[in-house]
Every structure is written in structure tokens, then in C-alpha cells.
Amino acid sequence: MTELPPPISAEIANAIRNVPDFPKPGIQFKDITPLLADPRLFAGSIELLIDGLKPGMVDAVVGIDARGFIFASAAALRLGAGFVPIRKKGKLPFTTHEQDYALEYGHGTVAVHTDALKPGSRVLLIDDLLATGGTAAAAAALVRRLGAEILRISFLIELKFLHGREKLKGYPIDSIVAY
Ligand code: AMP
């Protein structure tokens, strides 16, 4: 019997490096740089992030600062869609909408340009990792504030034990690798 190759999602999972105690004690940082350096796995992760979507179905792929940009810009090219960045507060030069979200200690703020999306445009929202869901929920709120429609939120990695999906109720969620 010939052995089947492992599914690409398993190879993608193997290419994600766990770095303990970064950036602070107790955090297991999911380092995606080995995955990005492998052209086959990088391309495969983009295909899985856009799975089921075809050019013409999405007007904009919105990426979340900063690692979300890497995947969202490649996905946008694949889908023939525009790319829109949601950035940490203070980085975007034009007029912005801002949204606060809770962090372990204190809060963060994300921002989007006020003219980044046309009302009614169809959006795929992408980030590298879903942890508590605060960042993605704030980003989704900004997309909605511009009057755009979220078709799906796609993550490369999901830390299931943090129950981030509970903050994203009402949105279709997809992740490639779950811990
Ligand atoms: P959260 O708002 O808690 O869902 O956090 C998600 C954001 O924080 C994403 O943009 C991730 O890039 C980053 N993040 C959170 N936890 C980790 C982790 N263990 N490894 C790498 N990035 C993380």
C-alpha cells in the first residue's frame, strides 16, 4: 500500500515554532517565520485561508496589524480584491475611526481610514492568530462601522482554550491550525 502524504495543514502546523516565554513569561509565542520561509507552505496557507472563495466574491481583504498583513495581502492578490490595513492607533496618516479592546493589562486601540471601505463592500478579514478574540472583534467593529459586510474571518492559528470565538459571535470563523 502506498502511504498518503500528510495533509498540507499538518505540514503547516509542523512549520509553526513554539517559543516559550516570549514576549513575557508564561506566553507560548507561535512563531510563523519558518512557515513563511517555505514557499509551498506559505502558498498552501493562503489557499486554505481563502478556501471556498473565488475572484469576484470579495471586494476587499482586510488585514490586522502586523502579521495579518502578510497573509491578507497575498490573499487579496489571489482573490483579485483590494487590501485594507487595520493598524494600531497612531500609525495611519489620514482621518481614522478607532476602536478600543481589552488586553490582559490595560487596553489597545485599532484604527482604520474613514474611506478604506465602501458601504456594502464584501470583506474577508484575516489575522495570523485568534487568542482571546479582542483584536479581531475590534477590527470587525471597524469594518462594520464603515458599512461593509464581513463574509468570513479567517485565522491561520486558533488558541481554542482562550475561547476567542465567543467574542466573534455572528461571524463565520475559519482557522487552519488549532491548539
Ligand atoms: P487576541 O486579541 O487575544 O485574540 O490576540 C490576537 C493578537 O495577538 C493577534 O494579532 C496575534 O498576532 C497576537 N497574539 C496573541 N497571542 C499570541 C501568541 N501566543 N503567539 C503569537 N501571537 C499572538
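A polar contact is taken here as a pair of N or O atoms within 3.5 Å. With that cut-off in hand, the ligand site of this predicted model can be read contact by contact. A backbone N or O atom of Ala131 lies 2.9 Å from an oxygen atom of the ligand, so this pair falls under the definition. Two threonines add side-chain pairs to this picture. In Thr132, a polar side-chain atom is placed 2.6 Å from a ligand oxygen atom, and in Thr135 the corresponding distance from a polar side-chain atom to an oxygen atom of the ligand is 2.5 Å. On its own the ligand has 480 Å² of accessible area, and the protein covers 81% of it.

The shell around the ligand can be described next. It comprises 13 residues, of which Arg67, Asp127, Thr132, Gly133 and Thr135 come nearest. By class, 4 of the shell residues are nonpolar, 5 are polar and 4 are charged. Three elements each supply at least two residues of this shell, namely the strands β2 (28–31) and β7 (122–130) and the helix α5 (134–145).

It is helpful to step back from the ligand to the space that holds it. The ligand sits in the largest pocket of the model, and this pocket contains about 1100 Å³ of space. Its lining is made up of 34 residues, and those closest to the pocket centre are Ile27, Leu103, Leu129, Ala131 and Thr135. Two or more lining residues come from each of β2, α4 (67–79), β5 (96–102), β7 and α5. Among these elements, β7 gives the most to the lining, with 4 residues. Sorted by class, the lining has 18 nonpolar, 7 polar and 9 charged residues. Ala131 and Thr135 thus appear twice in this account: both are listed among the residues closest to the pocket centre, while Ala131 approaches a ligand oxygen atom through its backbone and Thr135 does so through its side chain.

The backbone also has a few features that invite a look in the loops. The loop between β1 (17–20) and β2 holds Pro23, and the peptide bond leading from Phe22 to Pro23 is cis, with omega near 0°. Asp21 is found in the loop between β1 and β2 as well; this residue has a positive phi of about 60° although it is not a glycine. Another cis peptide bond joins Asp65 and Ala66, with omega at about -5°. Ala66 is located in the loop between β3 (60–64) and α4. The strand β2, which bounds the loop of Asp21, is also among the elements that supply at least two residues to the ligand shell, and α4, which bounds the loop of Ala66, is one of the elements giving two or more residues to the pocket lining.

How values were computed: Residues are numbered from 1 along each chain as its sequence is written. This is a predicted model: local features need pLDDT of at least 70, side-chain atom pairs count only at pLDDT 80 or more; totals for chains, interfaces and linings use all residues. Side-chain values use heavy atoms; hydrogens and water are left out. A residue is near a molecule or strand if one of its heavy atoms lies within 4 Å of it. A polar contact is a pair of N or O atoms within 3.5 Å; within protein, one must be able to donate a hydrogen and the other to accept it, and residues adjacent in sequence count only if both atoms are side-chain atoms. Accessible areas come from the Shrake-Rupley method with a 1.4 Å probe; for residues, only the protein chains shown count as cover. On a 1 Å grid over the protein atoms alone, a cavity is a set of points where a 1.4 Å probe fits but cannot get out, and a pocket is an open set with protein on both sides within 12 Å along at least five of seven lines; lining residues have an atom within 4 Å of a point. A molecule sits in a cavity or pocket if more than half of its atoms lie within 2 Å of its grid points. Ala, Val, Leu, Ile, Met, Phe, Trp, Tyr, Cys and Pro count as nonpolar, Asp, Glu, Lys and Arg as charged, and the others, Gly among them, as polar. Grid points are joined across faces, edges and corners, and a volume is the space filled by probe spheres set on the points.
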